[in-house]
Amino acid sequence: MLRRNTRPSSFFPIWLRLVLIVFCVALAPLHAQLVKDSPWPAEYAVTLHVSPEEAGADFAALQPALDRARQVAAEGQSVRVLVGAGHYRGSFELIGTPGQAYAPVAIEAEEAGRAVISGSEIADGWEVGDSGYFEKKFPAGKRVAAVYVQGVRVERTRADRSLRPGQFRLVGDEVQLIPPGGATVADGLVEVAYELPGMLLCIQNMDTVLVSGLYLRQGGGEGLRVQACGAVAVEHSTSEHQFIKGYHFEDLKRLMLLNVDALRNGQEGIKAVNIPVMDVVGGAASNNGYRVGEGELLAGEAFGVETQSVKKLTIRNLQAADNQGTGLGAFYADEVTMRSGKLLNNRLGLSLYGVEKATLREMIVAANDAGGMLVMGSACTASWSIFTGNGDGAADEGGAQITATDRATLSLTRCIVSATDEQVPLLAVENPATVGALSGNLYWGSVRPFQLGAVIPDKRGALPPGLDFAAWQAVTGQDLNSAWGDPMFNAPKYFEYIPLSDSIWYQQKKWPARTVTEAEMAAAREQYLTPADSSSPAIDPFQAQPVPPSAD
């Protein structure tokens, strides 16, 4: 289990860390923080209070309050739906009429995290059958997507397999299960979610929307979907244990996410499509894609965060960890900026495809099984970032700390790039044209550290030979003031990557600088660069990596 740690690392300059601390302390609730020069108001003209328990509340149920909020907003008054603590089971919607103008609407939990919207229902009447398992029949036509025993999700397995503790299977219209260790069925709480194409909370055709403090759990489809709206902000909210996606945002004019968590969802934590401007501050997208582990999806179909045609994407202080697929994937963007985030222990850390300009600063991309960062058809610049321990689960599949191909360009400044498996390359780049500016970096840990040429194994499974550090400098003419040495991280076992005080990282003024002449570079390229073997074309990298979506 990953030990989460989102505090900034002392790997970064002290003045940058102080700026980051001041920035984090200054963060206020989003609707207050963005009042100046933003569409989200500080105050709302009308407040509708929802509570299933308080007698003085305006509504006892959520849906009538949302219906009334839509009417009030259509009349031109900003309206806030204040959701009291309680459990709201079912699906809810705030859907406007296309072309109608609406004043801003906020859906806020009275106490963050205590307004729970759940897509599951309580299932009683379990009996021990002839199989020796707990059994219960469900209505025909309703497909059980997930089972939870005392709040713990039970893993689904095939109908022809024997069950272990913490598993269930579907046999016709009957569910058979063994509860997790320490949980009980006879006198415990069992909840089930049915597989649905819908979502727990759907918001469409509104102009300005704020969602704050909600906890969405155990749905058979998506947790929150917001579509065809103007400016949308979501803050301090969690979507967990959804069968498909935690959050789905599409066709918005602007999206802000502040401290939004997407946890333990079946396929994707957060998906955003066709949005001109998207800002993410804080939050976590972790343990998503559990259906990959159950054999229902490929790893390339699962993401912690996936964006498609989000033209300007800014991400700060986000952690994407333990996802069965890619931690973060950004496709078809004009500009992607990521800072002070962590992509840890995913199948693949970061995937960029069709991004005109990607900038990473103070990022940690570590311990991802299939590789750290994959850059395809994109221009990527990283500085003061760490790429380490990636590709250990795919050393024979072409995994690397950083892979750049398909006419990509890669620039690195003041980065640490190191391997824990000596067979895993540090950099795998398509050709010398792929290499941008490389300066002041520290490399370590691989016996074939630099691959230049085919970056994917050919159909015979052969990998191109790797260049050592000196040959890499000579061939590329880059990294001439970089160094080879052990960064000496303090506690990588606990996902802590701070170089110890004796590390060569702190001796940069003593690093030797090298000069490479044009003649030396030409001779090195003639020696090390060979034409590609046309009889054995490279495997399509997307057979093993995330599938790029269509541009539209």
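1. Asparagine 441 is buried, with a relative accessible area of 0%; buried here means under 20% relative accessible area, exposed over 50% and partly exposed in between, using a 1.4 Å probe and protein chains only. The residue lies in the loop between strand S37 (435-439) and strand S38 (442-444). Helices (H or I, at least four residues) and strands (E, at least two) are DSSP runs, numbered from the N terminus.

2. A word on the basis of these values: this is a predicted model, in which local features need pLDDT of at least 70 and side-chain atom pairs count only at pLDDT 80 or more, while totals for chains, interfaces and linings use all residues. Residues are numbered from 1 along each chain as its sequence is written, and side-chain values use heavy atoms, with hydrogens and water left out.

3. Back to asparagine 441 and its surroundings. Its side chain makes a polar contact with the side chain of tyrosine 443 at 3.5 Å, and the side chain of asparagine 441 also reaches the backbone nitrogen of arginine 414 at 3.2 Å. A polar contact is a pair of N or O atoms within 3.5 Å; within protein, one must be able to donate a hydrogen and the other to accept it, and residues adjacent in sequence count only if both atoms are side-chain atoms. Leaving aside neighbours within four places in sequence, asparagine 441 is in contact (heavy atoms within 4.5 Å) with residues including Leu412, Arg414, Asp479 and Trp511.

4. Leu412 turns up again in the largest nonpolar core, which has 94 residues; Leu412 is among those with the most contacts inside it, along with Ile203, Phe249, Leu352 and Met373. Such a core is a set of buried Ala, Val, Leu, Ile, Met, Phe, Trp, Tyr and Cys residues joined through side-chain atoms within 4.5 Å. Helix H3 (residues 62-74) gives this core its largest share, six residues. A second, separate core of 16 residues includes Trp126, Val154, Leu170 and Ala183.

5. You may enjoy the aromatic pairs, of which a search of the whole structure finds 14. Rings of Phe, Tyr and Trp (its six-membered ring) pair if their centres lie within 6.5 Å; planes under 30 degrees apart count as stacked, over 60 as edge-to-face and the rest as tilted. Tyrosine 332 and tyrosine 353 are edge-to-face, at 5.6 Å centre to centre and 85 degrees between the planes. They join strand S26 (residues 326-339) to strand S28 (residues 348-361), 21 residues apart.

6. Phenylalanine 450 and tryptophan 472 are stacked instead, at 4.7 Å centre to centre with 15 degrees between the planes. Phenylalanine 450 sits in strand S39 (residues 450-452) and tryptophan 472 in helix H5 (residues 469-476), 22 residues apart. Phenylalanine 450 is buried at 0%, and tryptophan 472 is buried at 0% too. Ring pairs link both of them with Tyr443, Trp444, Phe469 and Trp484 into a cluster.

7. Finally, a look at one sheet: it is open, has eight strands in the order S7-S14-S10-S11-S12-S13-S9-S8, and its pairing is mixed. Strands S7 (121-122) and S8 (127-128) each have a single partner strand, so one side of each is left without a neighbour in the sheet. S8 pairs with strand S9 (residues 134-137) in the antiparallel sense over two bridges, pairing being counted if DSSP finds at least two bridges between the strands. The bridge partner of valine 128 in S9 is phenylalanine 134.
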